[in-house]
Amino acid sequence: MKRKSALLVLALALTVPLVAQAQLLQPVQPLDRIVAVVNDGVVLQSELDAALTQVQRQFAQNPQALPPKPVLERQVLERLILMKLQEQRAEENGIRATDQEVDAAVQNIAQQNHLDLTQMRQSLAQQGIDYAAFRKQIANQIMVQKLRDNVIHGAVQVSDSEVNNLINSPLFKAGEVDIAQILIAVPEGASPDEVNTAKAKADEVEKQIAGGLDFKAAAIRYSQAPNALDGGVVGWRRVDELAPALADLAIKMQPGQVTPPLRAPEGFYILKLEGKRAAPPVIVTEFHARDLLIRTSDLVSSAQAEQKILALRKDIVEHKADFAALARKDSQDDTTANDGGDMGWFTADHWGTVVGAALPKLKDGEVSQPLQVPEGWLLVQRLGMRQADRTMQVEREQARMAIGNRKAEDAYNSFLRDLRSSAYVRIMLPEAAAVAAPPQG
């Protein structure tokens, strides 16, 4: 058996409710028109209407938070344009979503909504949504996630010295903060007049918030960040994941406070601290165990391996042979056989889900029934269980992840700004075109 390695996975967000997914896929209406030309692609009025409906439903209990329709249309249209650009770049780079990947994602969405596939298709049909169009939307999301992974691949190298420096910094012990943001963007290479104009707008937004305008409503109305339509919500972040200047400020703020406009390379940020909390210690359950593996192969069938492992187990439980001695003699687990099958202390899932599920059910000294694993058939003898403080180990993992996440976010936001600024985009919707909206980032 091979030890499972810890992988940092930037998970694809496909677990939103089915209704929310479906609202993006309303059927094309007669006399559909083009509302934006994006390079050699287009955004249709039906797509814009569906996305607007989604936002309006999200704020059904607080409709006054939404800006006037032309402003909202431009915000939504910018999001659709950015998505279209990412899809186009993915296709240019030969990035595709396989049928198997789409099948898995669709199955995941169905499970999140407590439906089987037949029920989900019926639900989509009741909403007037074509199932093929639904799968196409999921495929596009997978493509964009793959594009993101490619873009950030070379930007998230994290050295041990970076991890050590972060762990030793005061920011690392500062816990977590729940924040929201508003970005007033400044174009790359902006003139002093453009910077001053953006600063004046940011000052005016801050003044409106101080005068009673809800922060989320202000974000929807004015922010040019990708999360504007979510009310600027960033959510809980470790303080050390923030840019240093923002992190220093977040430590000093109290929940409910709003910052003045803060200059950043991409523009002016206004932040609101929603909450803060300390990072708790990490206490985990660890097991000590031995294993004995009989592998299957072209010459050894699964049934033969199972019979062999049953015979070995019989000798162990009848005290005819010692587990450790048999492991040294017969086990084909190259990582543990020489140590009498000793697996050391580990968390339940470290050696795989099959072993992880069996260990809690055993008593110390007890030998499991034969367990079928991908390599063949396995016996496990539990030797002990303990509660262990893994805070230091987890802190190093968190530090590495925090640095990687910050680098990844910076790299992809920069990529999106370049993608948007270099694209040919023509807004065909007069009301939205009249509303100023610099490229998002």
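## Two crossing helices, and a walk around the rest

Let's start with a pair of helices: H4 and H6 are roughly perpendicular to each other. You're looking at a predicted model, so every value here is computed from that prediction. In this model, the axes of helix H4 (residues 99-112) and helix H6 (residues 131-152) come within 9 Å and cross at roughly 110°. Angles of 65 to 115 degrees count as roughly perpendicular, so that crossing earns the label. Why give both an angle and a distance? Two packed helices are described by the angle between their axes and the distance between the axes.

Which residues actually do the touching? On the H4 side, the contact is made by Asp99, Glu101, Val102, Asp103, Ala105, Val106 and Ile109. H6 answers with Tyr131, Phe134, Arg135, Ile138, Ala139, Ile142 and Lys146. Sort the residues of this contact by type and you get nine nonpolar, five charged and no polar ones.

Two of those charged residues are worth a second look. Lysine 146 and glutamate 101 meet through their side chains in a salt bridge, with 2.8 Å from N to O. Because lysine 146 lies in helix H6 and glutamate 101 in helix H4, the pair ties together parts that are 45 residues apart in sequence. Are these two partners buried, exposed or something in between? Lysine 146 has 23% relative accessibility, so it counts as partly exposed. Glutamate 101, at 29%, is partly exposed as well.

That bridge has company, as the count for the model comes to 19 salt bridges. Here's one inside a single helix: arginine 89 pairs with glutamate 92, and their closest N and O atoms are 3.3 Å apart. Both residues sit in helix H3 (residues 69-92), three residues apart, which is about one turn of the helix. Arginine 89 is partly exposed at 26% relative accessibility, while glutamate 92 is exposed, with a relative accessible area of 58%.

Another salt bridge joins aspartate 364 to arginine 382, with 2.9 Å between the closest N and O atoms. This pair links distant parts of the chain, 18 residues apart: aspartate 364 is in the loop between H13 and E9, and arginine 382 is in strand E10 (residues 376-389). Aspartate 364 is partly exposed, with a relative accessible area of 48%. Arginine 382 has just 8%, so it counts as buried. Salt bridges can share partners too, and in this way Arg74, Glu78 and Arg420 are joined into one network.

Stay with that loop for a moment and find serine 368, between helix H13 (353-358) and strand E9 (371-373). Is serine 368 buried or exposed? The cut-off for buried is under 20%, and serine 368 is at 2% relative accessibility, so it counts as buried. Leaving out residues up to four places away in sequence, serine 368 touches Arg313, Leu362, Leu378, Leu379 and Val380.

Now hop back to helix H3, where you'll find isoleucine 81. At 0% relative accessibility, isoleucine 81 counts as buried. What does isoleucine 81 touch, not counting residues up to four places away in sequence? Its contacts are Ala36, Val38, Arg420, Val425 and Ile427. Isoleucine 81 and valine 37 are 44 residues apart in sequence, and their C-alpha atoms are 8.7 Å apart in space.

Next come two backbone details. Asparagine 39 has a phi near 55°, a positive value in a residue other than glycine. You'll find asparagine 39 in the loop between strand E1 (34-38) and strand E2 (41-44), and at 32% relative accessibility it counts as partly exposed. Histidine 114 also has a positive phi, about 60°, although it is not a glycine. Histidine 114 sits in the loop between H4 and helix H5 (117-126), where it counts as exposed at 72% relative accessibility.

Finally, how confident is the predictor? The mean pLDDT of the protein is 85, and 90% of its residues reach 70 or more. Among the elements, helix H12 (residues 323-330) has the highest mean pLDDT, 96, and helix H1 (residues 18-22) has the lowest, 43. Over residues 1-24 the pLDDT is below 50, and this stretch has 64 contacts in the model beyond near neighbours in sequence. Residues 436-441 also stay under 50, with 20 contacts beyond four places in sequence.

Methods. Residues are numbered from 1 along each chain as its sequence is written. This is a predicted model: local features need pLDDT of at least 70, side-chain atom pairs count only at pLDDT 80 or more; totals for chains, interfaces and linings use all residues. Side-chain values use heavy atoms; hydrogens and water are left out. pLDDT is the predictor's confidence in each residue, from 0 to 100. Helices (H or I, at least four residues) and strands (E, at least two) are DSSP runs, numbered from the N terminus. Contact means heavy atoms within 4.5 Å. Axes are lines fitted to C-alpha atoms, for helices over the stretch in contact, and angles run from 0 to 180 degrees between N-to-C directions. Angles under 35 degrees count as roughly parallel, over 145 as roughly antiparallel, 65 to 115 as roughly perpendicular and the rest as oblique. Ala, Val, Leu, Ile, Met, Phe, Trp, Tyr, Cys and Pro count as nonpolar, Asp, Glu, Lys and Arg as charged, and the others, Gly among them, as polar. Buried means under 20% relative accessible area, exposed over 50%, partly exposed in between (1.4 Å probe, protein chains only). A salt bridge is a side-chain nitrogen of Lys or Arg within 4 Å of a carboxyl oxygen of Asp or Glu.
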